[in-house]
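Thanks, everyone. I'll keep this short. Have a look at the model on the screen, and then I'll walk you through it.

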Amino acid sequence: SMFQERRISVRAGAVIVAAGMSTRMKQFKQMMKIGNFTLAERVAINFKRAGIQDIVMVTGYHGRQLEAYLNYLDIEFVKNEQYEHTDMLESAKIGLYQLQNRCDKILFCPADIPFFTDETVKAVLGQNAEIVVPRCGGKSGHPISIQNEMIPRILSYCGDEGLRGALKATGIPIRYVEVDDLGSLMDADTREDFEKLVTLHNKQRSGWSFPLKVEKQREKELF
């Protein structure tokens with residue numbers, strides 16, 4: 001494939017959590033567009049461009065719509081049926097369970113952090129540690145890398161401190177890796193966040209593209 005030359009030596013998968021109802025945004029943020037791509041689509045394509053093969057997106061709210069729209073990317077979808085009553089950790093667990101024992105390391109990212117770079121993915125996967133978190137300007141970002149052996153510990157965590165709590169409860173120190181990547185920090189919880197993402201896109205990312213999408217769109221027009 002066109003990503004062959006960038007393949008990473010560890011077998012890495014990715015979990016993208018896209019189940020939430022985006023209550024603060026007041027519209028379905030996973031499908032909000034910046035340029036030609038929706039937020040959820042950008043996260044999946046970022047992983048594809050970095051050579052990640054096994055990508056699982058955990059859907060919930062408007063799951064069918066999301067799946068239909070992202071079908072062309074050839075990723076796996078699994079639904080968190082309890083999305084209205086659970087937090088992001090539950091969706092993360094569903095995705096990790098899906099990829100357990102299929103990969104050496106699994107990258108985790110919410111669907112509203114669209115602008116992390118290939119370099120950040122490589123930096124995170126390049127660390128020989130069980131749990132790796134990218135850090136930019138003193139702040140923790142995404143994607144996080146989790147070694148396969150850690151998954152049972154995360155799945156068995158029942159506390160109420162979310163994924164961070166689950167990672168802490170493993171008892172394994174987190175390895176932080178410095179990256180020069182504002183995109184790894186920027187999510188879209190509010191309108192204001194979204195506007196900041198649009199600005200980042202217009203300044204730095206508008207040249208970013210994904211040829212497969214153009215091909216698929218042409219196919220649709222032809223048939």
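Let me start at the end of a helix. Gly171 follows α6, and its phi is positive, near 80 degrees. Keep in mind that this is a predicted model.

Right beside that glycine in the numbering is Thr170. Thr170 sits in the loop between α6 (162–169) and β10 (175–178). Is Thr170 buried or exposed? Buried, because its relative accessible area is 7%, under the 20% cut-off. Leaving out residues up to four places away in sequence, Thr170 touches Ile131, Met150, Arg153 and Ile154.

Now α6 itself. Its buried residues include Gly162, Leu163, Gly165, Ala166 and Leu167. What covers them? The cover includes two helices, α3 (88–99) and α5 (151–155), along with strands β6, β7 (131–136) and β9 (144–147).

There is also a salt bridge here. Lys168 pairs with Glu161, and the closest N and O atoms are 3.7 Å apart. Both ends are out in the open. Lys168 is exposed at 59% relative accessibility, and Glu161 is exposed at 51%.

Let me step back to the whole protein. It has eight helices and ten strands. Of its 223 residues, 52% count as buried. Take the contacts between residues at least 6 apart in sequence: 71% of them join residues at least 24 apart. The exposed area is about 11,000 Å², with carbon and sulfur atoms supplying 47% of it.

Next, strand β1, residues 12–18. Seven of its seven residues are buried, so the strand is largely enclosed by the rest of the structure. Both faces are covered. On one side are Ala12, Ala14, Ile16 and Ala18; on the other are Gly13, Val15 and Val17.

Which strands pair with β1? One is β6 (residues 105–110), which runs parallel to β1 and is joined to it by six bridges. Ala12 stands opposite Lys105 there. Another is β4 (residues 54–59), also parallel, again over six bridges. In β4, Gly13 has Asp54 as its bridge partner.

On to charges. Side chains of opposite charge can pair when their charged atoms come close. How many salt bridges turn up across the whole structure? Six.

One of them joins Asp112 and Lys29, at 2.9 Å from N to O. Asp112 lies in the loop between β6 and α4 (118–125), and Lys29 in the loop between β1 and β2 (33–34), so the pair ties together parts 83 residues apart in sequence. Asp112 is buried at 8%. Lys29 counts as buried too, at 11% relative accessibility.

Asp54 comes back here. Asp54 forms a salt bridge with Arg102, with the closest N and O atoms 3.5 Å apart. Asp54 is in strand β4 and Arg102 is in the loop between α3 and β6, so this pair ties together parts 48 residues apart in sequence. Asp54 counts as buried, at 12% relative accessibility. Arg102 is partly exposed, at 35%. This pair belongs to a network of salt bridges that links Arg11, Asp54, Glu76 and Arg102.

Last, the cysteines. How many disulfides are there? Zero, with a disulfide taken as two cysteine sulfur atoms within 2.5 Å. Cys103 is buried at 4% relative accessibility, whereas Cys158 is exposed at 72%.

That's my tour. Over to you.

Note on methods. Residues are numbered from 1 along each chain as its sequence is written. This is a predicted model: local features need pLDDT of at least 70, side-chain atom pairs count only at pLDDT 80 or more; totals for chains, interfaces and linings use all residues. Side-chain values use heavy atoms; hydrogens and water are left out. Buried means under 20% relative accessible area, exposed over 50%, partly exposed in between (1.4 Å probe, protein chains only). Helices (H or I, at least four residues) and strands (E, at least two) are DSSP runs, numbered from the N terminus. Contact means heavy atoms within 4.5 Å. Two strands pair if DSSP finds at least two bridges between them. Accessible areas come from the Shrake-Rupley method with a 1.4 Å probe; for residues, only the protein chains shown count as cover. A salt bridge is a side-chain nitrogen of Lys or Arg within 4 Å of a carboxyl oxygen of Asp or Glu.
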